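Trainee: Could we go through the contacts here together, and check each label against its cut-off?
Mentor: Gladly, let's take a look.

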Amino acid sequence: MIKKFDLLGLILPIFLVFLWGYVTVTNIAPSYILPSPSKVVISLFDFAFGTNSSSPYSGQMLEHTLMSLKRVCTGFLLGGGLGFVLGIASAAVQYVNRIFATSIHILRAMPGIGWLPIAMVWFGVGEKTSIFLIGIAAFFPIYMNTLQGAGAVDPLQYRAARMLGAKKLQLLTSIMIPSALPQILVGLRIGLSISWAYVVLGELTGVNKGLGAVMMDARMLGRLEMILVMMVCIAVLGRITDQFLLLLYRFIRPFEIKK
Amino acid sequence: MKPILKIENISKYYTKHGTKDRLHVLDQLSFEINEGEIVTLLGSSGCGKSTILNIIAGFEKIEGGAVYLKGEKIQQPSSSIGVVFQNPTLFEWMTVYENIQFGLKYKKIDKKTERESIYEYINLLELKGFENFYPSQLSGGMQQRVAIARVLILSPQILLMDEPFAALDSFRRAKMQLLLQHLAIQLKCTILFITHDLEEAIFLSDQIYILKDLPTQIIQKVNISFERPRRYEDLCGDLEFMNIKSEIFQQLRHE
Ligand SMILES: Nc1ncnc2c1ncn2[C@@H]1O[C@H](COP(=O)(O)OP(=O)(O)O)[C@@H](O)[C@H]1O
Ligand SMILES: [Mg+2]
């Protein structure tokens with residue numbers, strides 16, 4: 001799973017950072033287009049630890065991060081949960097699949113961003129719209145992957161379980177879901193990463209708190225470095241939550257790394 | 001000896017996918033299995049052996065006839081009919097221990113008895129030390145032993161085995177046959193065994209039913225009466241063993 005770290009891969013990013021520093025120091029890129037790397041790093045520290053009390057964003061990282069995290073989690077659990085339940089139900093009962101599959105495929109044709117205006121009409125700007133968008137984003141990949149994984153279980157596995165005494169619902173919990181878990185994880189990871197993209201979208205529409213809100217605010221105040229700081233924060237948070245999912249999975253499925 | 005399993009006039013068709021062609025696999029097939037016996041269905045591949053086994057297990061519907069276990073009609077799979085498949089078909093995400101425990105969860109027994117019972121079968125099937133391994137970490141022979149353990153622990157009234165050792169090399173196969181014979185004697189199992197391996201059939205069975213191609217018919221019943229426990233080293237030089245072998249070969253040639 002863990003690949004050996006390739007030093008060669010470091011050359012390009014280091015070069016790019018130097019290039020970034022060079023063009024900002026020499027004013028090839030003026031600061032209202034691109035803030036310098038050092039300014040971004042200093043702002044990041046200030047945002048995290050409140051080292052410079054004159055900035056309006058000083059020390060506010062935890063508050064905004066928690067806000068965004070809460071939205072992502074709520075939307076992800078609602079949309080993803082529905083996707084999981086519907087995916088399993090569709091794989092288990094042919095009728096459920098036949099009733100829902102067509103509609104879901106039609107809905108899926110609409111890119112998630114396309115929901116934004118109508119969501120703003122329905123839910124107003126802010127909290128609910130963000131959560132709705134995240135829910136939509138998380139639903140599709142999790143539904144699709146759950147359905148695919150649960151539908152692809154070897155029929156012999158069910159036979160084995162039945163001759164050992166398992167009955168209908170027990171087949172679901174003891175065979176279908178565990179067999180489909182690797183594929184479900186794929187869906188969860190995709191869903192989670194899209195959720196992070198959509199929380200930004202939702203928060204850009206005008207909420208007070210959250211990383212996306214800070215981004216929007218910084219843009220209006222011309223604080224470019226804060227926009228970049230937010231981008232870094234969101235990327236790091238996305239990565240952390242993804243690793244958390246993987247960790248959870250490895251806890252449930254320890255043998256897949258033992259191999 | 002009284003029959004524990006009665007197969008009465010079973011008929012089975014398969015319809016080819018998307019066509020109206022029907023493959024007539026079984027036509028009014030009947031036979032019986034006595035309690036405590038090892039009965040082998042011997043036939044070339046494609047002659048309908050697995051189909052018969054899957055019907056008895058309750059996996060496949062039939063177009064006519066019925067199967068009775070101790071006088072009761074078999075309608076669906078249950079833990080009183082244990083099945084060992086050609087592939088071990090273990091649950092990959094469970095340890096050896098959990099695989100063997102699987103069927104016990106659906107019976108009401110207390111934890112302590114359950115644990116003791118699981119370890120008893122871990123020992124019987126020579127899996128000691130591997131209880132926390134996952135199936136993918138085991139050899140094919142070991143996986144098949146887990147598959148046998150998880151059904152025998154439920155004390156099924158009959159054990160169905162569909163070419164269980166076909167994927168093993170000949171040494172491992174011989175070892176497994178010995179182990180199976182040992183278990184059958186110790187636990188007094190009734191076994192319906194399926195194979196296309198003649199020596200395996202003679203070594204293990206009390207009765208061999210030789211099958212003819214579709215629609216499957218039993219063309220000969222061979223009674224094997226060597227004393228148990230049998231040993232390959234004794235049988236291989238035995239005149240009767242060789243006679244039975246050549247007789248069955250002749251029978252198959254005339255097919
Ligand atoms: N599900 C199925 N659908 C259609 N034909 C099948 C199916 N299963 C088996 N058959 C056919 O039935 C015949 C008997 O198969 P099987 O019972 O598996 O034979 P064996 O186990 O002796 O090799 C074969 O010709 C096979 O192709
Ligand atoms: Mg077969």
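Mentor: What follows is a short talk about a predicted model, starting with the ligand and ending with the interface.

Trainee: What makes B:Tyr14 a polar contact of ligand 1?
Mentor: A nitrogen atom of ligand 1 is 3.5 Å from an N or O atom in the side chain of B:Tyr14. The cut-off is within 3.5 Å, so the pair counts.

Trainee: Which backbone atoms of B:Gly48 and B:Lys49 come in?
Mentor: For B:Gly48, a backbone N or O atom lies 3.0 Å from an oxygen atom of ligand 1. For B:Lys49, a polar backbone atom is 2.8 Å from an oxygen atom of the ligand. The protein covers 61% of the 550 Å² of accessible area that ligand 1 has on its own.

Trainee: Which element gives the most to the shell around ligand 1?
Mentor: That is α1(B), with 3 residues. By class, the shell has 5 nonpolar, 6 polar and 1 charged residues.

Trainee: Now the interface: why is the pair B:Glu60 and A:Arg159 called a salt bridge?
Mentor: Their side chains meet at 3.5 Å, N to O. The limit is within 4 Å for a side-chain nitrogen of Arg and a carboxyl oxygen of Glu, so the name fits. The count between chain A and chain B is 1 salt bridge.

Trainee: How much area is buried between the two chains?
Mentor: About 2,100 Å², with carbon and sulfur atoms giving 67% of it. In chain A, A:Arg159, A:Met163 and A:Leu164 lose the most area to chain B, together 37% of what that side buries.

Note on methods: Residues numbered from 1 in each chain as written. Chains lettered and ligands numbered in written order. Predicted model: local features only at pLDDT ≥ 70, side-chain atom pairs only at ≥ 80, totals over all residues. Heavy atoms only, no water. Polar contact = N/O pair within 3.5 Å; in protein donor to acceptor, adjacent residues only side chain to side chain. Areas by Shrake-Rupley, 256 points an atom, 1.4 Å probe, with all protein chains shown as cover. Helix = DSSP H or I, 4+ residues; strand = E, 2+ residues; numbered from the N terminus. Nonpolar A, V, L, I, M, F, W, Y, C, P; charged D, E, K, R; others polar. Buried area = accessible area lost by both parts, 1.4 Å probe.
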